Amino acid sequence: MEKRYYQKEIETMPVEDIKKLQSEKLVKQVKHVYENVPYYKKLMDEKGVTPDDIKGIEDLHKLPFLSKADLRDAYPYGLLAKPLNECVRIHSTSGTTGRRVVAFYTQHDVDLWEDCCARAIVAAGGSNEDVLQVAYGYGLFTGGAGLHGGGHKVGCLTLPMSSGNTERQIQFMMDLNSTILCCTPSYAAYMGESLKEQGYTPDTIPLKAGIFGAEAWTNEMRHQIEETLGIKAYDIYGLTETSGPGVAFECEEQTGMHINEDHFLAEIIDPETGEVLPEGSKGELVFTALDKEAFPLLRYRTRDICVLSREKCSCGRTLIKMAKPMGRSDDMLIIRGVNVFPSQIETVLLNEGYQPNYQIVIDRVNNNDTFDVLVEMNPENFTDTVSGVTKQEKALANAMKVMLGINPNVKLVAPKSIARSEGKAVRVVDKRKLYD
Amino acid sequence: MSLKQLTIFVENKKGALVDITKTLADNNVNLRALSIADTQDFGILRLIVNDNETATKALSDAGYLIKMTDVVGVKIGDQPGKLSKALEVLDKADINMEYLYAFMARTEKHAYVVLRVANNDEAEKALEDAGFHMITDADVDKL
């Protein structure tokens with residue numbers, strides 16, 4: 001009989017007990033943050049809240065929010081709550097210069113994060129009989145490290161492939177009989193296509209499950225991946241700010257992700273007013289890290305729009321479920337797994353001597369994101385040769401790559417050809433179908 | 001001594017060339033020669049016209065990105081091997097060429113070649129030394 005839970009006592013704990021546990025942890029955590037993070041203490045003081053006002057999770061709404069802007073203001077050490085010599089790890093959000101976020105971990109923090117990932121792996125049917133192929137990027141990105149650590153905890157034979165090099169991925173998968181694949185859904189789909197092209201049918205592929213996250217994907221895409229690879233595809237959610245993947249994970253029911261509530265307290269708020277919405281409402285997801293030591297964000301606004309549900313789950317887990325995110329409450333785009341803000345494109349254009357008139361066009365072709373940036377040509381730089389124009393396009397693309405960490409396809413267009421708004425300019429045309 | 005070429009940025013959109021040529025026609029501008037270099041996303045239209053000023057104003061007013069470029073115009077006989085001879089002259093003089101296009105005149109039995117080279121003066125001198133005649137804007141109207 002295969003083990004169904006990694007930490008049964010937590011995962012199936014009666015809801016009242018989880019809430020009690022959360023309350024105890026929250027009281028302690030607020031005190032820890034107030035005493036060790038001057039940045040957040042100031043926010044609390046400004047709001048007139050002291051740790052004594054927080055007696056349990058019912059008082060959570062009294063605390064101030066944190067947003068990505070705070071993380072930027074406080075970069076790099078402003079939200080650190082432990083001395084550096086007690087920290088053992090740093091991770092960072094994907095390559096964005098202007099808006100980089102660095103997160104710190106003590107050994108305790110790494111352990112609880114890996115526990116969360118281990119729960120996800122077990123929920124996907126993983127055990128020490130499995131070969132776990134981790135094809136998330138390793139490095140500053142949390143994807144690789146998180147699932148890798150989780151794989152060790154479960155006792156999986158862990159294959160630290162990192163992302164890319166599809167030929168090698170396939171060779172290892174087939175030769176070493178990988179049974180669980182962890183990567184972004186678009187890469188899973190791409191690998192599926194490559195396997196198919198090489199003549200592999202679902203019954204000849206050793207995989208039985210996949211744990212896919214770090215970008216939005218639809219159920220339609222899930223079915224496609226499941227069919228091509230002959231697996232069950234599980235969603236996983238997380239963000240560097242809270243630790244990484246594993247904040248929430250899917251069980252065999254595949255109807256939303258169980259939030260690891262003993263570590264992360266979730267709320268849904270109205271993104272306009274900040275007001276907490278009742279359970280079942282659609283709004284912005286906010287997380288409070290309950291027992292992280294080094295980088296314990298309280299009421300961090302994820303900007304993901306989502307719904308929480310505490311309906312009984314057939315898997316036996318009592319942990320609250322979050323739906324697949326349904327959109328964003330800011331203008332951040334996730335392109336090929338990388339966070340992109342339109343304002344970053346604007347910054348590059350101004351630096352490079354262009355007018356900030358641009359349009360970002362994103363599409364998903366063969367399950368891969370295309371990323372075009374239309375920019376109005378600077379009339380002074382117009383030349384009569386094609387190479388003169390393409391040279392400018394390449395230079396701009398390079399400058400954007402340095403800023404964003406991914407390569408756009410820059411297309412110069414005629415001046416004034418991008419619609420100036422009578423109202424608001426259309427800066428982003430996203431043709432992808434990301435949300436159900 | 002030089003020949004002016006009008007260079008126009010054309011987006012790959014349906015009807016773009018119709019619109020440009022119509023604008024020129026409406027302003028009584030005569031085309032002498034035309035070439036277009038295109039990529040998947042845009043084209044660069046190069047024109048030799050009889051009235052640069054009118055053409056530039058009309059197209060700018062219509063919102064086109066337009067630029068005047070100095071090019072070299074060479075008159076060559078309408079016989080096999082003449083173009084090759086002219087290019088050989090430039091090659092020997094080590095003058096790099098970006099592009100060229102050719103046109104015929106209505107009146108004379110001559111072909112004309114428009115050359116875009118790295119250095120116009122050097123190219124013109126080399127070609128003249130080899131016995132070629134250059135054409136200028138003043139000649140264009142008579143062709």
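**Exercise 1. Find the loop that holds Pro76(A), and say which bond joins Pro76(A) to Tyr75(A).**

Solution. Start with the place: Pro76(A) sits in the loop between helix 4 (68-73) and strand 1 (87-92) of chain A. Helices (H or I, at least four residues) and strands (E, at least two) are DSSP runs, numbered from the N terminus. Next, look at the bond: Tyr75(A) and Pro76(A) are joined by a cis peptide bond, with omega about -5°. Most peptide bonds are trans.

Before going on, note that this is a predicted model: local features need pLDDT of at least 70, side-chain atom pairs count only at pLDDT 80 or more, and totals for chains, interfaces and linings use all residues. Residues are numbered from 1 along each chain as its sequence is written, while chains are lettered from A and ligands numbered from 1 in the order in which they are written.

**Exercise 2. Work out whether Gln254(A) is buried, exposed or partly exposed, and do likewise for Arg336(A).**

Solution. Get the rule first: a residue is buried if 20 or more other C-beta atoms lie within 10 Å of its own, exposed if 12 or fewer, and partly exposed in between, with C-beta atoms placed from the backbone.

- Gln254(A) lies in the loop between strand 8 (244-250) and strand 9 (257-259) of chain A. Its phi is positive, about 55°, although it is not a glycine. Gln254(A) has 15 C-beta neighbours inside 10 Å, so it counts as partly exposed.
- Arg336(A) belongs to the loop between strand 15 (333-335) and strand 16 (338-340) of chain A. Again there is a positive phi on a residue that is not a glycine, here about 50°. Arg336(A) is buried because 20 other C-beta atoms lie within 10 Å.

**Exercise 3. Put the strands of the open sheet in chain A in order, then find the helix that packs on the sheet.**

Solution. Strands pair here if DSSP finds at least two bridges between them. The open sheet has 4 strands in the order 19-18-17-20, with mixed pairing. At the edges are strand 19 (409-413) and strand 20 (428-430) of chain A, each pairing on one side only. From one strand to the next, the twist averages 20°. Now zoom in: strand 17 (residues 358-365) and strand 20 of chain A run parallel over 3 bridges, and Ile362(A) stands opposite Asp430(A) of strand 20. The helix is helix 10 (residues 342-351) of chain A, which touches strand 17, strand 18 (368-376) and strand 20 of chain A. Its direction makes about 130° with that of strand 17. (Axes are lines fitted to C-alpha atoms, for helices over the stretch in contact, and angles run from 0 to 180 degrees between N-to-C directions.)

**Exercise 4. Describe the side of chain B that touches chain A.**

Solution. Count the contacts: 16 residues of chain B are in contact with 13 residues of chain A, where contact means C-beta atoms, placed from the backbone, within 7 Å. Then look for elements giving two or more residues: these are strand 1 (3-11), strand 3 (42-49), strand 4 (66-77) and strand 5 (97-104) of chain B. Finally, sort by class: this side of chain B has 6 nonpolar, 4 polar and 6 charged residues. (Ala, Val, Leu, Ile, Met, Phe, Trp, Tyr, Cys and Pro count as nonpolar, Asp, Glu, Lys and Arg as charged, and the others, Gly among them, as polar.)

Conventions
Contact = placed C-beta atoms within 7 Å.
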